[in-house]
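Welcome, and take a moment to look over the sequence and the structure below. The briefing after them is a friendly tour you can follow with the model open beside you.

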Amino acid sequence: MVKPTNINSDYREEERLTCVLVLDTFNNYTNEIVSHTSLPLCLWPVDGRPLLDYTIHTLIRSGIQEIILLATSYSYEIRSYIMNSHWLQTYPKLIRFIPCKEARSLGDCLKDLEQENIINNHFILLYGNGTLITNEKLNNLFNIHKENIKKDKNCIMTLVYRQLDSNHFEHPSYTDDQHLCIIRDANTYRLYDYSTEYLDRYEISLDLLEKPNVTIETLYCPLDCHVAVCSPDVLHLFKDNFDYSTINEFVKGIVRDEEIAGHTIYSYLYETGYFLSVHNLRLYMKATFDILRRWSYPLVPEIIASMHKQQLSTITNPTLPQIKLNDSYLSFYNICYPIIYDKHNIYKQGDIQLDRLSNIQQDVFIGYKSQILSGVCLRSSLIGQSCIIGKNTKIENSIIWNHVQIGENCIIKNSIICDNVVIRNNVQIDKECILCKNVIIGTNVHLNQHMTIIASNSITSTNVVDEIEIDEDISAPLKNVKRSNSKQRSSSTMSSEKSVSEKSISLSIEETITSNSDLVGIDGFGRQLSFISTHDDQTKPIEHTDDDDDDINDNDKSQLNAFDAWGYRIEPIENRDLSHDDEDNEIKPKQYRLSNLKKPSDQPSDIQSEDENSEIDDSEDPSSETGSINETNDVSEFQQEVIRTLERAYRQKLHMENIIVELNMLKPTYDVSPTEFDRSIVRAVFLLPFEKKISNSETTNYWNSLKLTMDQITQFILKNYMKITNEQSQISLLNGLDSICLKHIQPIGERIVNILNYLYENDVIDEQWILQWYENKQKKIENNELIIKPEEKIYYDKLKQFVEWLQNAESEDDDQDDED
Amino acid sequence: MKEFTVILYAGGNNRLSTDLSIPKALLPIGNRPLIWFSLEIIQSHPSLASSPLLILTSGQYRQILDDYLSTLNITYELIVYRQHHESTSDDQQQIQDELGTLDILRSCYSRIRTESICLISCDLFGKVNLTSLINMFRVRDASLSMLLIKTIIPSTTGKETIIQPGQKIKFTTEPEFYTVDQSTNRVTSIRLKADLDEYLPLRQNILAKYPRTIIRTDLVDAHLYLIKKSCLDIAIRSDYSSFRKEFLPKMIRQMAIDQPLEDLISTPANRTTMIRQQTTDLDDNADLSRLLEEYDCDNQEIRGGCYYSTDETQIFRVKHVLSYLEANRQASSLILSYTNEDITFKERLEQIQISSDCIIGDGHDIGKKTTIRRTIIGKNCRIEDKCKIINCVLLDNVHVKEGVTLQNSIICSRSTIGSKCEIQNSIICSNQQIEGNSKLNGETISAINHESEVYMVYDDEQ
């Protein structure tokens, strides 16, 4: 272990070895599950310490002098962990923390980092989840990268891989999301081609093969360490090309534009050493067991624990932490108990109660104050702190967090059980299940494989705290970076959570989750996590690809979600029906989604949250057929996009032509029908004043802001799309306006006179259509086809008032004409 | 039971000397016929030396080859194959109609009694280290081991640029792409450039099995194969005519993706005969263990080992003028290494300068004030006074008259060079008379003079 004193003094400032950790997988499935455990993946426990600790240990061993953490959604937890851990006290200048709350991709994070302007040297980038466990020393990579630059000054990045055996598909470290085909030079290791797609055949151009002094080597599915040694230029490239959101896109772009930009990328292949980049749940489990089996030596529990103890004892001033750690689930990391390492890789942390008749086989970690009762059989498992394992329970290859109670005669295999879970008697849990925080599994329940049981909504109280506190603490990075996420769909749960106002968050905290007693038993609590939003994300690009090519971008984005939390590839929908038992895991969530919608018990919470999230909710009708959900979502997204476009146009005072071109461009992108398009335009025009940035500006009055926007742009938009001579579009304009007014009686409906008057005066609507439309409406009312609710009366009164005025005005006009 | 049957392919036309009496196999290199070198390669490894040797040749050369081989102390069996589908007189047609290796092999297939076969062609020249190849064949229980050699432009002359004698003919060697697994030396695919458009495809299922492979473009086939009979069975029964160009790439592909080789037998009829053949074998053959091994070969993963030589003595195939010249230059040292017999010219004659790297055959008559350097001279050559011969190959019975300067040229047998000629970078075919005072540079003089035939390019296709 390098002594802390060496770390900051020996090197000159400009040669500091920097390592950047991006602490997010950017996988919606993983993040969804993570959100129910109240701990970010990088703080998940691995043998008593958070995953992140192992990475930091690795980096300190490698002589890294500066660690920059880029955290996205869980910046509060990560920050408070770092603040309270001994790291800050022992290595005060080592860790730097940059929250990137807005970031939706690796590219966004790096753009934020670029803004900070603190990187001016080569650095190691740990992407994936930023959690790499290795027993190699990484400082060597800097030399390798510098050698590459010496040979080829255009080299900007060196990607790091670890060779796997030839049967790597069965290798436990390989998960589908690491699929990769690399074409590189066998001698210089320069990267020539790079493909993450799963194809039947890959092609190498003959020109490349026949280049002199080039010997092509293929590298198929090496273990991706998720490590890249980068030159500072990489950040600028990420900033300049905002379509690079992942490393894959970046590398592809660089390789493709090699002749234009002249940048090259090299690769480095470790042939020995233990490497594991934990970025999905399968690898998380593997990391835990690998550490128990001491593959990662010297990074093994008892050594790390003893180091922590030393460091903690040397701290002179324990009252240092500024942020009070109120989260119990984080605080346990700060108390360090000695770990006893026994033969057969059995680890015992501090005081434990181990029954004489229990059978602890091998590779087992038992946390502080856990009770193992008689007849318990443990094998390759991690038991957290203060757990109680009931009699005759069998646990194999599983990870059990803290404060978990497991009853008698249970069988648990290959699963993750999070904090405060209660499992009653005679429960059987098959492989790759996750029981999230606070779940209770009832008696005699049998959980099939690949179940994710949750007991909370993803919107947790900590997130709200996160929003508020961090903003005060740290000045957020400048927001003028152009983000690729402006088009990010609001449908995904994680992002919608961000886009809703704080008010709606606080509402949804209070709502309780409906338990699915069929699944977890009568005395259980919890329901299966369904991936409605993410699945929709998944289905959309597939539909699009048939129509046009504009969606390449979307497809790239969806690649992020092409793998589930376990790292399995999610098969395209078409194949899903054909697949059978072996792909149960991928079918399950989908099937469950369908059944979920039918179940009335689950519906309310879903609808409620959807309603809260969407500002225009008439199109969101979850009880409608599943098939139309995509469609309506698409339309509402399109509408959001239109509103955003108009808002931007209004604020930046764009030219009329440009806006129209932009809107026209949106039409094919979202694949909306012409009528939908018109309707969306109308809605957008009248809902625009609700947008925060517009309403807040000068006046809070709806009518005033509507007038402002109308004056500037929107009336021209309407004129452009709803030609005054076209009966159909005029009527649909009026219908659209009508429905908006009915929905928002309060600010809009009561102003109908002003609105119609305005439109009439500015020649947006011709009076004859108004009259015609009103007549039809009246007829319907008379025939009782349209029922006027009491609260809508004011609207109809106003409408009548206007129409009457119009008729009078008309006759007056006529009169005047006659007189003239 | 012997392990191998050695099949030496000694066919091929000699287009160097226009009289067709000398087959390619007997083309002299360092005054020894080409086949001598191939036989030395075979003799260099004990397990091949003791194996039955089948020499394939065409009818017209049978006698002359037999005459030569009988002088050597070896046991062999000459097998005559039909050279063409139809004996056509039209030379142009012949090239198209020539039989492929597999066609030829079919004619002698019944003679093969061993489990493995060594296929070798007689134009392989150089010190081949067969031990490692055979060891690999045995250790990996390979279906096929092949020798790959580096494509090198033969040169021992160092910085001197080599000028190809004779008419300028461009030898376009067709690149081949060998995908090899470096750790195991396994060949995972062979692609001929001619079969590809713009891209070299890599199949995912092969990549999955062999994730780290190198695509070598700097290797060529040496036409030396060790092959299991079970594989050759399939080759023989398939419809393919060429072993190297058609069957081999397909066989390697099938092996790499674990598909049965039987798929290569195209017609179902053939396949059933194949199966019948196997069952009848069972009845005939009492030696069950050997039979099981044969079955093993068919069913288990069949491996094709790959080995490429980086020996200091260069290995190449004598197939065009440049390689022929190069072979001649290396002949003396190679012969020395095989037989410990120094054939370089040792006699010191008065008023004649002959450098020590020359080989001069018996019955020479060399005039005074002649300088000879780096030259191979055949039997019964007569060189008159004041000649200057540098870097040349003279075959038998050449008469060089007074005051002739020869440089970087090949003079074929029974030719006469008139006095005071200056000949550079040229090929003089056999039975040619060059008049005195001629000056030739980069020309080919042959009986059928203006024909643009590709000289010395032997049929690659064997």
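What follows is a short briefing, grouped by topic.

Please keep in mind that this is a predicted model. The tour begins where chain B is in contact with chain A, moves on to strands of chain A, stops at some backbone details, and ends inside chain B.

**Where the two chains meet**

- At the interface, 21 residues of chain B are in contact with 28 residues of chain A.
- About 2200 Å² of area is buried between the two chains, and carbon and sulfur atoms give 57% of that area.
- Three residues deserve a look here: Q204(B), P211(B) and R212(B) supply 32% of the area that chain B buries against chain A, more than any other three residues.
- The rule finds two salt bridges across this interface.
- In a salt bridge across the interface, the side chain of R212(B) meets that of E271(A), at 2.7 Å from N to O.
- Polar contacts add to the picture, with 11 residue pairs found across the interface.
- Which elements of chain B each supply at least two residues of the side that touches chain A? They are β11 (199–203), α7 (204–209) and β12 (212–216) of chain B.
- The largest share of that side, five residues, comes from β11(B).
- Sorted by class, the side of chain B that touches chain A has 12 nonpolar, three polar and six charged residues.

**Strands that pair across the chains**

- Strand β11 of chain A, residues 201–205, is joined to β11(B) by five bridges.
- These two strands run antiparallel.
- To find the pairing on your screen, start from R201(A), whose bridge partner in β11(B) is R203(B).

**A covered strand in chain A**

- Is strand β1 of chain A, residues 18–23, mostly covered or mostly open? It is mostly covered, as six of its six residues are buried.
- In a regular strand, side chains alternate between the two faces of the sheet.
- In β1(A), T18(A), V20(A) and V22(A) point one way, while C19(A), L21(A) and L23(A) point the other way. Residues of both groups are buried.
- β1(A) runs parallel to strand β6 of chain A, residues 123–126, and four bridges join the two.
- Within that pairing, T18(A) stands opposite F123(A).
- β1(A) also runs parallel to strand β4 of chain A, residues 66–71, this time with six bridges.
- Here V22(A) has L70(A) as its bridge partner.

**An open sheet in chain A**

- Nine strands of chain A form an open sheet with mixed pairing, in the order β16-β17-β20-β23-β26-β29-β32-β35-β36.
- Its edge strands are β16 (339–342) and β36 (527–528), each of which pairs on one side only.
- Within the sheet, β29 (residues 416–417) and β32 (residues 434–435) of chain A pair in the parallel sense over two bridges.
- I416(A) stands opposite I434(A) in that pair.

**Backbone details in chain A**

- Most residues other than glycine have a negative phi, and most peptide bonds are trans.
- The peptide bond from Y297(A) to P298(A) is cis, with omega near 10 degrees.
- You can find P298(A) in the loop between α12 (281–292) and α13 (301–314) of chain A.
- N397(A) is not a glycine, yet it has a positive phi of about 45 degrees.
- N397(A) lies in the loop between β25 (394–396) and β26 (399–400), and it counts as partly exposed because its relative accessibility is 23%.
- N409(A) is not a glycine either, and its phi is positive at about 55 degrees.
- The loop between β27 (405–406) and β28 (411–413) holds N409(A), which is partly exposed with a relative accessible area of 38%.

**Inside chain B**

- Chain B has 12 helices and 32 strands.
- Of its 462 residues, 55% are buried.
- Among contacts in chain B between residues at least 6 apart in sequence, 58% join residues at least 24 apart.
- S47(B) is a good residue to zoom in on, and it is found in helix α2 (residues 46–49) of chain B.
- Why does S47(B) count as buried? Its relative accessible area is 15%, and the cut-off for buried is under 20%.
- The side chains of S47(B) and R138(B) are joined by a polar contact of 3.3 Å.
- Leaving out residues up to four places away in sequence, S47(B) touches E3(B), F4(B), I134(B) and R138(B).

Methods: Residues are numbered from 1 along each chain as its sequence is written. Chains are lettered from A and ligands numbered from 1 in the order in which they are written. This is a predicted model: local features need pLDDT of at least 70, side-chain atom pairs count only at pLDDT 80 or more; totals for chains, interfaces and linings use all residues. Side-chain values use heavy atoms; hydrogens and water are left out. Contact means heavy atoms within 4.5 Å. Buried area is the accessible area (1.4 Å probe) that two parts lose on being put together, summed over both. A salt bridge is a side-chain nitrogen of Lys or Arg within 4 Å of a carboxyl oxygen of Asp or Glu. A polar contact is a pair of N or O atoms within 3.5 Å; within protein, one must be able to donate a hydrogen and the other to accept it, and residues adjacent in sequence count only if both atoms are side-chain atoms. Ala, Val, Leu, Ile, Met, Phe, Trp, Tyr, Cys and Pro count as nonpolar, Asp, Glu, Lys and Arg as charged, and the others, Gly among them, as polar. Two strands pair if DSSP finds at least two bridges between them. Buried means under 20% relative accessible area, exposed over 50%, partly exposed in between (1.4 Å probe, protein chains only).
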